Amino acid sequence: YKLITLVKNLKKALISKNGTIITLSKHDGISIINNNIAVQCKFAEINNLKINDFSIANNNEVWLATNKGVIILSIDKPNSYKLYDARHGLPERNLKKIECLNGDLFVGSEEEIFHLRSGWIDALQNNNKLTYVSAI
């Protein structure tokens, strides 16, 4: 019941395995609601950010599809995040959709869908560029 009063202009909502509610709204961006306490995620260092979609990974991370790349944040630390973009080998496109399935990531732009195979995040976290982004 409280979700209705916490989030306005709701675009998407998902519930994690531990019962945390993650929402995307038109005006407030991403919010994480746990025990009826909402935390609005802030991305002050990223200018003109537009969040288009999100998905929850198995490891309690929220993956965001944005106009700047993929942002990964922890449900437990919602204002701590990493941005992965063209510098890491991701496509230089406005990412519209994102879905995590069994460790693989599917990211959609207006032109195509990219499949990043399981293990892609390890390459990014080690500051390596992706070499296996493939259009499907």
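A salt bridge here is a side-chain nitrogen of Lys or Arg within 4 Å of a carboxyl oxygen of Asp or Glu. The views below come from a predicted model.

**View 1. Asp85 and Arg87 form a salt bridge.** The side chains meet with N and O 2.9 Å apart. Asp85 counts as buried, because its relative accessibility is 12%. Arg87 is exposed, with a relative accessible area of 55%. The search of the whole structure finds 3 salt bridges. The other two appear in Views 2 and 3.

**View 2. Lys12 pairs with Asp53 and also lies over the ring of Phe54.** The side chains of Asp53 and Lys12 meet in a salt bridge of 2.8 Å, N to O. Asp53 sits in strand S5 and Lys12 in strand S1 (residues 10-15), so the pair ties together parts 41 residues apart in sequence. Asp53 is buried, at a relative accessible area of 4%. Lys12 is partly exposed, at 22%. Lys12 has a second partner in this view: it lies over the face of Phe54, 5.1 Å from the ring centre. Strand S5, which carries Asp53, has the highest mean pLDDT among the elements of the protein, 94.

**View 3. Lys96 and Glu110 form a salt bridge between two loops.** The closest N and O atoms are 3.5 Å apart. Lys96 is in the loop between S8 and strand S9 (97-101). Glu110 is in the loop between strand S10 (104-108) and strand S11 (113-116). The pair links distant parts of the chain, 14 residues apart. Lys96 is partly exposed, with a relative accessible area of 26%. Glu110 counts as exposed, at 62% relative accessibility.

**View 4. Phe43 and Tyr81 make an aromatic pair.** The count for the structure comes to 1 aromatic pair. The ring centres are 4.9 Å apart and the planes stand at 65 degrees, so the pair is edge-to-face. The cut-off for that label is over 60 degrees. Phe43 lies in the loop between strand S4 (37-40) and strand S5 (51-56), and Tyr81 in strand S8 (residues 81-84), so the pair ties together parts 38 residues apart in sequence. Both Phe43 and Tyr81 are buried.

**View 5. Ser25 reaches the backbone of Asp28.** A polar atom of the Ser25 side chain lies 3.0 Å from the backbone nitrogen of Asp28. Ser25 belongs to strand S2 (residues 21-25). Ser25 counts as buried, because its relative accessibility is 4%.

**View 6. Ser31 is a buried residue of strand S3.** The strand spans residues 29-34. The relative accessible area of Ser31 is 8%. Leaving out residues up to four places away in sequence, Ser31 touches Ile21, Ile22, Thr23, Val39 and Gln40. Ser31 and Cys41 are 10 residues apart in sequence, with their C-alpha atoms 5.8 Å apart in space.

**View 7. Ser16 is buried in the loop between S1 and S2.** The relative accessible area of Ser16 is 6%. Its contacts beyond four places in sequence are Ile22, Ile56, Asn60 and Ile75. Ile22 is also among the residues that Ser31 touches in View 6.

**View 8. Residues 130-136 have pLDDT under 50.** The model has 26 contacts beyond four places in sequence for this stretch. Strand S12 (residues 134-135) has the lowest mean pLDDT among the elements, 45. Where pLDDT is low, the predicted coordinates should not be read in detail. Across the protein, pLDDT averages 79, and 79% of the residues score at least 70.

**View 9. The whole protein sets the context for the close-ups.** The protein has 2 helices and 12 strands. Along the sequence they follow the pattern α-β-β-β-β-β-β-β-β-β-β-β-α-β. Of the 136 residues, 41% are buried. Among contacts between residues at least 6 apart in sequence, 35% join residues at least 24 apart.

Technical notes: Residues numbered from 1 in each chain as written. Predicted model: local features only at pLDDT ≥ 70, side-chain atom pairs only at ≥ 80, totals over all residues. Heavy atoms only, no water. Phe/Tyr/Trp six-rings, centres within 6.5 Å; stacked < 30°, edge-to-face > 60°. Helix = DSSP H or I, 4+ residues; strand = E, 2+ residues; numbered from the N terminus. Buried < 20%, exposed > 50% of the residue type's maximum accessible area, 1.4 Å probe, protein only. Lys NZ or Arg CZ within 6 Å of the ring centre and 35° of its normal. Polar contact = N/O pair within 3.5 Å; in protein donor to acceptor, adjacent residues only side chain to side chain. Contact = heavy atoms within 4.5 Å. pLDDT = per-residue confidence, 0-100.
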